[in-house]
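Me: Please take a close look at how one chain is built and how its helices pack. A connected account with the criteria stated would be most useful.

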Amino acid sequence: MGMDSLIGGTIWDEYSQKVTELMNNPKNMGEITQEQAEEMGTKLIVADFGAESCGDAVRLYWAVDPKDDRIVEAKFKSFGCGTAIASSDTMVELCKGKTVDEAVKITNIDVEKAMRDTPDVPAVPPQKMHCSVMAYDVIKKAAAQYKGVDMNSFETEFIVCECARVSLSTLKEVIRLNDLTTVEQITDYTKAGAFCKSCIKPGGHEAKDIYLVDLIEEYKKEKMTQTANTIASGGPVDFAQMTIVQKLKAVDKIIDDNIRQMLIMDGGDMEILDIKENGGYFDIYIRYLGACSGCASSSTGTLYAIENILRQKLDENIRVLPL
Amino acid sequence: MRVYLDNNATTIVDPHVKAEMDPFFVEKYGNPNSLHAFAGETHGPLKTAMEKIYAGIHAPKEDSVVITSCATESNNWVLKSVYFEYILTGRKNHIIVSEVEHPSVIATAKFIESQGCRVTYLPINSEGMIDPQSVRDNITNKTALVSVMWVNNETGAIFPVQEIGAICEEHKVLFHTDAVQAIGKIPVDVQSFNVDYLTFSAHKFHGPKGVGGLYMKKGKELMPLLHGGAQMGGLRSGTLNVAGIIGMGKAMEQAVDALDYEMTEIREMRDQFEDQLLEIKDTFVITPRAKRTPNTILISFRGIEGEAMLWDLNQAGIAASTGSACASEDLESNPVMEAIGADADLAHTAIRFSLSRYTTQDEMDYTIDIVRKAVERLRAISSSYAYAPAGHKSGLAAH
């Protein structure tokens with residue numbers, strides 16, 4: 001939250017002057033007919049993306065010279081809001097004169113940057129970034145049609161956030177390297193989820209195969225499994241990262257390996273009752289059994305021995321509290 | 001020329017209303033609950049304002065018309081207090097609302113649903129109307145409340161609250177209606193049918209923002225939502241919004257006085273404008289005219305995305321609205337368009353024009369001219385009306 005979030009502005013106020021001008025007078029709006037394409041000695045490509053039922057749709061026309069794959073002329077038609085129209089217009093402008101292979105490399109981010117008035121001020125508000133994605137997708141559709149291939153073949157990586165173009169592999173790496181546990185953190189680190197927000201969780205503007213919440217969940221599970229495996233193999237584990245069950249097992253194992261034998265020899269034993277986090281400390285509540293329960297050393301020497309070994313092996317912030 | 005046709009969102013404050021409010025900022029600023037003359041001089045005007053508000057909805061003196069900060073507060077109050085008194089205590093487990101209620105009802109219903117209350121969301125039919133039979137079909141002996149708006153804000157559809165109220169009475173279920181869009185547009189009389197709670201808001205009928213009301217029938221008073229200094233008979237605490245209440249009183253009086261004008265002159269202006277809009281091809285109006293308030297039109301222009309239409313209107317100084325697609329922050333399509341099961345291609349094409357008694361014929365003439373130009377321009381851009389070569393499959397797949 002914070003002041004800027006409390007009273008919303010009009011999204012239109014955040015449009016660049018260029019977006020406004022293109023909405024009012026799109027330069028490349030129109031169509032190319034079969035006859036016109038033939039007159040130019042070119043192949044006509046007509047590609048559609050989006051759907052009116054989803055709120056935006058674009059039809060892209062290319063006249064491509066078959067000799068060198070160059071886009072000689074390009075036009076668009078669009079059902080959509082101002083930014084959809086301005087983005088389509090800009091996309092078409094960027095296509096013109098390029099070869100099909102070069103055009104495929106144009107991204108939605110290129111389209112958005114081309115609409116900026118000044119290099120460091122976004123041309124559209126975050127929730128409108130989505131409109132430029134459609135402009136990018138329709139290029140791939142047109143190129144696929146021209147080359148007779150599937151449009152997905154142009155995508156070398158799986159993109160989770162299309163607005164910011166953040167791939168699955170990048171997200172997984174950033175989450176792991178920085179130990180990210182919330183969607184807000186992912187957005188801070190990668191910009192994924194900062195725009196139309198469809199990729200955050202199901203129920204947004206667009207349905208997705210993978211959401212950011214899934215990645216967080218997956219990482220949490222991965223971490224849990226990893227910790228469990230390390231405990232099983234006796235390797236060093238960060239006590240603070242363990243689940244409560246893992247903590248209990250880890251403490252029990254240390255006591256089994258180092259303490260219990262000694263207590264049983266004296267005709268006693270102990271059990272763990274609870275583990276609680278308390279202001280940076282881990283308080284382990286225990287109860288002595290058998291002969292130990294009346295023993296004077298149980299609150300001095302034996303207790304220190306238990307506490308020391310746990311601190312040494314697990315975490316220096318462990319406190320052992322006999323009840 | 002600037003033309004304001006978004007009167008279902010808010011209205012101009014009537015200059016007479018503002019004039020009545022003016023003395024209560026600098027001259028007569030006392031807290032009505034204090035014991036001195038500064039307080040005393042507010043009591044008379046407040047009483048007069050309350051009488052006008054009671055008269056405006058025909059509320060008998062023994063019932064309570066509690067002043068709130070807005071309709072959202074009033075609606076929250078009804079649903080949450082019913083939740084606290086009936087659901088949380090286990091006496092009942094269910095409420096019924098329509099699926100096209102204002103967000104202040106829908107979001108509150110969703111909240112109490114998350115707390116364990118069962119909620120039925122009544123569907124609307126293809127005319128955008130609620131069938132009272134659907135209320136009867138969904139009431140159980142565990143139903144605590146039915147909340148159905150009197151007039152839908154998007155379409156202007158007048159819902160059959162009299163019939164729904166009768167069904168609620170028969171089944172001894174509480175009945176609440178959000179009448180925000182009804183005041184000043186159709187006669188509102190809480191004694192003419194069974195209704196326990198009724199919400200209204202001053203800024204929808206040429207009063208100030210930040211003041212609304214909740215009518216509660218005698219014996220059906222809700223537990224307070226706002227606890228504090230026990231103003232409003234302890235029902236709603238918070239220092240009285242003196243100027244706001246006085247403004248709402250005047251606005252209510254004028255809304256009632258202007259009702260005839262609204263139902264004749266404004267209706268005629270609206271109807272004529274609507275006829276002109278419908279002359280444009282591929283246009284569709286939601287909800288038959290006779291079933292709507294006199295001031296509202298929700299119309300679809302095929303092939304034109306709603307926000308694009310708003311853009312062109314705004315460039316020409318005309319204010320209208322759309323609850324659809326790109327226009328709202330959450331990028332959802334118009335909920336009413338979805339609910340009536342409109343052709344999916346039209347879900348993002350609806351524009352709402354809402355008139356008021358301040359709307360003039362000149363403004364309507366100007367607007368129809370601008371709309372025609374905008375439709376022509378935007379359909380020339382639209383892919384829906386675009387050339388496709390023979391054999392081209394549109395392939396407009398969902399994305």
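Reply: Chain B has 399 residues and a radius of gyration of 22 Å, which agrees with the value near 21 Å for a compact globule of that length. The radius is taken over C-alpha atoms, and the globule rule is 2.2 Å times the number of residues to the power 0.38. Along the principal axes, the C-alpha atoms of chain B fill a box of roughly 80 × 50 × 35 Å.

This is a predicted model, in which local features need pLDDT of at least 70 and side-chain atom pairs count only at pLDDT 80 or more, while totals for chains, interfaces and linings use all residues. Residues are numbered from 1 along each chain as its sequence is written, and chains are lettered from A and ligands numbered from 1 in the order in which they are written.

The mean pLDDT of chain B (the predictor's confidence in each residue, from 0 to 100) is 93, and 94% of the residues of chain B reach 70 or more. Residues 324-331 of chain B stay under 50, yet the model has 30 contacts for them beyond four places in sequence; a contact requires C-beta atoms, placed from the backbone, within 7 Å. For the model, ipTM is 0.86 and pTM is 0.82.

Chain B contains 12 helices and 12 strands, assigned as DSSP runs (H or I, at least four residues, for helices; E, at least two, for strands) and numbered from the N terminus. Helix H12 of chain B (residues 361-381) takes part in two packings.

With helix H10 (residues 306-315) of chain B, the axes come within 10 Å and cross at roughly 130°. Here axes are lines fitted to C-alpha atoms, for helices over the stretch in contact, and angles run from 0 to 180 degrees between N-to-C directions. H10(B) is therefore oblique to H12(B), on a scale where angles under 35 degrees count as roughly parallel, over 145 as roughly antiparallel, 65 to 115 as roughly perpendicular and the rest as oblique. The crossing of H10(B) and H12(B) is right-handed; that is, the near helix is turned clockwise from the far one by less than a right angle, anticlockwise being left-handed. On the H10(B) side, B:Ala308, B:Met309, B:Asp312 and B:Leu313 meet B:Ile370, B:Ala374, B:Arg377 and B:Leu378 of H12(B). This contact comprises 6 nonpolar, no polar and 2 charged residues, where Ala, Val, Leu, Ile, Met, Phe, Trp, Tyr, Cys and Pro count as nonpolar, Asp, Glu, Lys and Arg as charged, and the others, Gly among them, as polar.

The second packing involves helix H9 (residues 259-279) of chain B, whose axis comes within 10 Å of that of H12(B) and crosses that axis at roughly 15°. H9(B) and H12(B) are therefore roughly parallel to each other. Their crossing is right-handed. B:Met269, B:Phe273, B:Gln276 and B:Leu277 of H9(B) meet B:Gln361, B:Met364, B:Ile368 and B:Val371 of H12(B). By class, the contact of H9(B) with H12(B) has 6 nonpolar, 2 polar and no charged residues.

Chain B also touches chain A: 30 residues of chain B are in contact with 33 residues of chain A. On the chain A side, the elements giving two or more residues are helix H2 (17-24), strand E1 (43-51), strand E2 (56-65), strand E3 (70-79) and helix H4 (82-95). E1(A) gives the most, with 6 residues. That side of chain A divides into 14 nonpolar, 12 polar and 7 charged residues.

Chain A itself has 12 helices and 8 strands. A compact globule of 323 residues would have a radius of gyration near 20 Å, but the value for chain A is 31 Å. The C-alpha trace of chain A spans about 105 × 45 × 35 Å along its principal axes.

Conventions. Contact = placed C-beta atoms within 7 Å.
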